[in-house]
Amino acid sequence: MWKRHLRRATGAHGGWWGRGSVAAQPRHFASAVRAMADWDPGSLRALLQQVAHEGKAEEPLLQRLRGEPVAASSTPKDGVSTTDGEAAPEDEAVKFVECGADELVLTAEVCASRRFRVFVLLGALATRLAPEMQKASPDVLRRAGTAFASLGVLNAPLFQALAGAWLETWATGGEVPKMALLAEVARSFSSQRMRHELFFDRLAAHLATNGAKAATPAEALSILHSHASLRLGKELGDDMWGELEAQASSEGLSKMGVGPLSDLCYVLVLSRRADTRQEELCEMIEVLVGPVLGAKEEFWASGAGYALHNRMLLLRSVTRYLYKESYRALPDNVVHAFRKVHRMELPRKTAKPTVSFTRKLSEVLRKMKVGHIVNAESGPFVFDLVERDRKIVYECLHFDRFYAGTVDKVETMCLQERVVKAMGYRVIQVPHWQWNKIRHRRQRSEYLRMSRYYAIKDSRELSPRDEVPEDVALNAFDYMGEYFFRKEQPASSWSWFQPRYDAKRRLPATTAS
């Protein structure tokens, strides 16, 4: 059931411009890839270091970045450039030119087109770019947000500056942005987990003024996806949500295409509107069955096929465990399609290295002699750690699993918790702010032992933490017959071990004779 393999389900978990996404990439990336395809990693690193640290770059690199012809005399010998901003020899002196907002955005775009990511340098680039956003044009604002969102670089100050620039543009009576631009900007905020309430309130007011028909079906679906991912569906309003959904499916479910239709099903599940509209969700899934059963093997090896595979696995898990009655009523061909997707073996991708948070937690469990699997893959989900002998899942809640500047879990992780608990697993959540404060190994062992004890014994842990608590007296799983050996029981009610200090500090100070 479990597989030792690490995979990020970008297609099924709200990722948009990542590899294998069903949705099309932003329109300017196609030309950027063609124009910047000849950049090698060495030149990219040199450009990024100079622009991010110094705010200036060698003139040949900037000419190449802008697409201008580079003079042969200005090209450094052997194609080597100064990467640390050091002065070149007098006979090979290269002129450094100050970079403006356009050059900074172009640098981010070329890194995005070549999938070149050095997070320290990209963070410095975002810090240098944020002050430039106040006087940037709407097109530059869009390009900057899209570039950093496609790179997967989480930088809240930059997007705070972007939102402020957008709001100032609207407030000063400037040109009203087009719906395509707004949809792309909202999607970049969704990728950054940035719930900027003022910006999205202004977007909702703009939609209410112009109507949902001002957007194309693809743009309406993109706006719905952004609000569902950021858990802002209530702020958008039920009426506007219905209009956008009708606009997204205006061509008919059978003519939408397998990618947009699977995205619409995912949006309904993510926004929890499918809880009260299970029949409509099942109808959409029945329309998806035809293309899924008729798809060739070559399609599943492509990026669109990989994303559709993740979406179908997620829909299977949701209907099977959350909407059990609806799942039992599905036609045989739908069940056959789910079974085909579930048993499909796609080409394995290279496993990514385990992050430090997960690796340290795994080491503590190993010391506790708790058998477990790291980065266990099951259906559309990749779990950080899963116990081997008990149905327990550990979630290492790093900062990227919360909305920016909050302690609210992202909606994709809440959906995963709902499905996993419906499967009968207990979930142990380890927030990063608690784990980082507990530095002693024995304290961490006591913390995990207590968390494990509560997850199994406390009946309140059976339901997801973001749901309204129910009466525990009506819970059918209060007495599950779980038994703990004595060494597994926590010694006290919290992580109470205090590491020993230096004995000299505990001795009373001697008085001088």
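Tutor: Let's begin with a definition: a salt bridge is a side-chain nitrogen of Lys or Arg within 4 Å of a carboxyl oxygen of Asp or Glu. Please keep in mind that the model we are looking at is predicted.

Student: Happy to start there. How many salt bridges does the structure hold?

Tutor: The rule joins a nitrogen of Lys or Arg to a carboxyl oxygen of Asp or Glu. Counted in this way, the salt bridges of the structure number 23.

Student: Which residue forms a salt bridge with Arg-328?

Tutor: Both partners belong to helix α17 (residues 324-328), where they sit three residues apart, about one turn of the helix. Their closest N and O atoms are 3.1 Å apart, and the partner of Arg-328 is Glu-325.

Student: Is Glu-325 buried or exposed?

Tutor: A residue needs over 50% relative accessible area to count as exposed. Arg-328 passes that mark with 58%. Glu-325 has a relative accessibility of 61%, so its class is exposed.

Student: Moving to another helix, how far apart are Asp-139 and Arg-143 in helix α6 (residues 138-151), in helical turns?

Tutor: The side chains of Asp-139 and Arg-143 meet in a salt bridge, 4.0 Å from N to O. Since the two residues are four apart in α6, their separation is about one helical turn.

Student: Of that pair, is Arg-143 buried or exposed?

Tutor: Asp-139 is partly exposed at 35% relative accessibility. The limit for a buried residue is under 20%. Arg-143 has a relative accessible area of 15%, so Arg-143 is buried.

Student: Which residues are linked in a network of salt bridges?

Tutor: We have just met two members, Asp-139 and Arg-143, in their own salt bridge. The network that links them also takes in other charged residues; in full, it consists of Glu-109, Asp-139, Arg-142, Arg-143 and Glu-184.

Student: Which residue forms a salt bridge with Glu-411?

Tutor: The closest N and O atoms of this pair are 3.2 Å apart, and the partner of Glu-411 is Arg-272. The pair links distant parts of the chain, 139 residues apart: Glu-411 is in helix α20 (residues 411-422), and in the loop between α13 (258-270) and α14 (278-294) we find Arg-272.

Student: What is the relative accessible area of Glu-411?

Tutor: Its partner Arg-272 counts as partly exposed, at 24%. Glu-411 is buried, and its relative accessible area is 4%.

Student: What is the phi of Arg-272, about?

Tutor: Most residues other than glycine have a negative phi. Arg-272, in its loop between α13 and α14, is not a glycine, yet its phi is positive, at about 65°.

Student: Where does Arg-115 lie?

Tutor: Arg-115 also has a positive phi in a residue other than glycine, near 55°. At 31% relative accessibility, it counts as partly exposed. Its place is the loop between α4 (101-113) and α5 (119-129).

Student: Which residues gather in a patch of positive charge on the surface?

Tutor: Arg-115 is one of the members. Another is Lys-352, which lies in the loop between α18 (332-343) and α19 (356-367) and is partly exposed at 47% relative accessibility. The full patch is Arg-115, Arg-117, Lys-349 and Lys-352.

Student: Let's turn to the strands. How many residues lie between β4 and β5 in their hairpin?

Tutor: Strands β4 (residues 372-378) and β5 pair in the antiparallel sense over six bridges, with Ser-378 bridged to Phe-381 in β5. Gly-379 in the turn has a positive phi of about 65°, and the number of residues between the strands is two.

Student: What is the bridge partner of Val-386 in β6?

Tutor: Strands β5 and β6 run antiparallel and are joined by two bridges. They form a hairpin with four residues between them. In β6, the partner of Val-386 is Val-393.

Student: In which sense do β6 (residues 392-397) and β7 pair?

Tutor: One place to look is Glu-395, which stands opposite Gln-429 in β7. The two strands share six bridges, and the sense of their pairing is parallel.

Student: How many residues of strand β7 (residues 426-431) are buried?

Tutor: On one side, Arg-426, Ile-428 and Val-430 are buried, and on the other, Val-427, Gln-429 and Pro-431 are buried too. The strand is therefore largely enclosed by the rest of the structure, and its count of buried residues is six of the six.

Technical notes: Residues are numbered from 1 along each chain as its sequence is written. This is a predicted model: local features need pLDDT of at least 70, side-chain atom pairs count only at pLDDT 80 or more; totals for chains, interfaces and linings use all residues. Side-chain values use heavy atoms; hydrogens and water are left out. Patches are made of residues with over 30% relative accessible area and no salt bridge: like charges are joined within 9 Å, nonpolar side chains (Val, Leu, Ile, Met, Phe, Trp, Tyr) within 5 Å. Accessible areas come from the Shrake-Rupley method with a 1.4 Å probe; for residues, only the protein chains shown count as cover. Lys and Arg count as positive and Asp and Glu as negative; His and the chain ends are not counted. The place of a charge is taken as NZ of Lys, CZ of Arg, CG of Asp or CD of Glu. Buried means under 20% relative accessible area, exposed over 50%, partly exposed in between (1.4 Å probe, protein chains only). Two strands pair if DSSP finds at least two bridges between them.
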